[in-house]
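Visitor: I have a structure here that I should like to go through with you. Could you take me through its sheets, its cores and its turns?

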Amino acid sequence: DYFNYYIVTKDKMYGVVNEKGKEIVPCKYSRIEITNNNYAKLKTSDSKYVIFDLSKGKEILSLKDTETDVSLYKTYIKIIK
């Protein structure tokens, strides 16, 4: 199932809520990208990336290397180190 998600801001940081206003991702990220397949790419304040499954409400991948580039596509996630 696909749901509507909304990026919200608090104290200059970003988070995500669902269509009912329930917090899915807390407002602690410097940037957020949402794809149409319920995944989000979150960027931390120290330039690291987290891939988050919005439909399950959990982190699926954390990339601690700031040199890593992550791109989200409709059917896959591309990671370049």
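Guide: One term is needed before the sheets are described: two strands pair if DSSP finds at least two bridges between them. Please keep in mind that this is a predicted model.

Visitor: How confident is the prediction, in terms of mean pLDDT?

Guide: The protein has a mean pLDDT of 89, and 96% of its residues reach 70 or more. Among the elements, strand 3 has the highest mean pLDDT, at 96, and strand 8 (residues 69-72) the lowest, at 84.

Visitor: Let us start with the three-stranded sheet. What is the strand order, and is the sheet open?

Guide: The three strands form an open sheet in the order 1-2-3, and the pairing is antiparallel. Strand 1 (5-10) and strand 3 (23-29) are the edge strands, each of which pairs on one side only. On average, neighbouring strands of this sheet are turned by 20° against each other, with direction ignored.

Visitor: How many bridges hold strand 1 to strand 2?

Guide: Strand 1 is joined to strand 2 (residues 13-18) by six bridges, and the two run antiparallel. One position to look at is Thr9, which stands opposite Tyr14 in strand 2.

Visitor: What about the loop between those two strands? Which phi does Asp11 have?

Guide: Asp11 lies in the loop between strand 1 and strand 2, and its phi is near 55°, a positive value in a residue other than glycine. Lys12 is found in that loop between strand 1 and strand 2 as well. Lys12 also has a positive phi, of about 65°, although it is not a glycine.

Visitor: Is Lys12 buried or exposed?

Guide: Lys12 has a relative accessible area of 75%, so it counts as exposed. Asp11 is likewise exposed, with a relative accessible area of 69%. The cut-off for exposed is over 50%.

Visitor: Now the other sheet. What is the order of its four strands?

Guide: The order is 4-5-6-7, in an open sheet with antiparallel pairing. Strand 4 and strand 7 (58-63) form the edges, each pairing on one side only. From one strand to the next, the twist averages 20°.

Visitor: Take me across it, please. How many bridges are there between strand 4 and strand 5?

Guide: Four bridges connect strand 4 (residues 31-34) with strand 5 (residues 39-43) in an antiparallel arrangement. Arg31 has Lys43 in strand 5 as its bridge partner. The hairpin of these strands has four residues between them, and Asn38 takes a positive phi near 70° there.

Visitor: And beyond strand 5?

Guide: Strand 5 is joined to strand 6 (residues 49-53) by five bridges, again antiparallel, and Tyr39 has Asp53 in strand 6 as its bridge partner. This pair also forms a hairpin, with five residues between the strands, and Ser47 in the turn has a positive phi of about 65°. Strand 6 and strand 7 then pair in the antiparallel sense over five bridges.

Visitor: Which residue of strand 7 stands opposite Phe52?

Guide: Glu59 stands opposite Phe52, and Phe52 itself lies in strand 6.

Visitor: Why does Phe52 count as buried?

Guide: Phe52 counts as buried because its relative accessible area is 9%, and the cut-off is under 20%. Leaving aside neighbours within four places in sequence, its contacts include Ile24, Val25, Ala40, Leu42, Glu59 and Ile60.

Visitor: Which residues make up the largest nonpolar core?

Guide: That core has eleven residues: Tyr5, Val16, Ile24, Val25, Tyr29, Ile32, Ala40, Leu42, Val50, Phe52 and Leu54. Strand 3, strand 5 and strand 6 each give two or more residues to this core, and strand 3 gives the most, with three residues. There is also a second, separate core of five residues, including Tyr49, Leu63, Val70 and Leu72.

Visitor: Is there a general reason to expect such grouping?

Guide: In soluble globular proteins, nonpolar side chains tend to be buried together.

Visitor: What does Leu54 touch?

Guide: Not counting residues up to four places away in sequence, Leu54 touches Tyr5, Val16, Ile24, Val25, Ile34, Asn38, Tyr39 and Ala40.

Visitor: Finally, how do strand 8 and strand 9 pair?

Guide: Strand 8 and strand 9 (residues 77-80) pair in the antiparallel sense over four bridges. Ser71 has Lys78 in strand 9 as its bridge partner, and a hairpin of four residues joins strand 8 to strand 9.

Terms used:
Residues are numbered from 1 along each chain as its sequence is written. This is a predicted model: local features need pLDDT of at least 70, side-chain atom pairs count only at pLDDT 80 or more; totals for chains, interfaces and linings use all residues. Side-chain values use heavy atoms; hydrogens and water are left out. Axes are lines fitted to C-alpha atoms, for helices over the stretch in contact, and angles run from 0 to 180 degrees between N-to-C directions. A nonpolar core is a set of buried Ala, Val, Leu, Ile, Met, Phe, Trp, Tyr and Cys residues joined through side-chain atoms within 4.5 Å. Buried means under 20% relative accessible area, exposed over 50%, partly exposed in between (1.4 Å probe, protein chains only). Contact means heavy atoms within 4.5 Å. pLDDT is the predictor's confidence in each residue, from 0 to 100.
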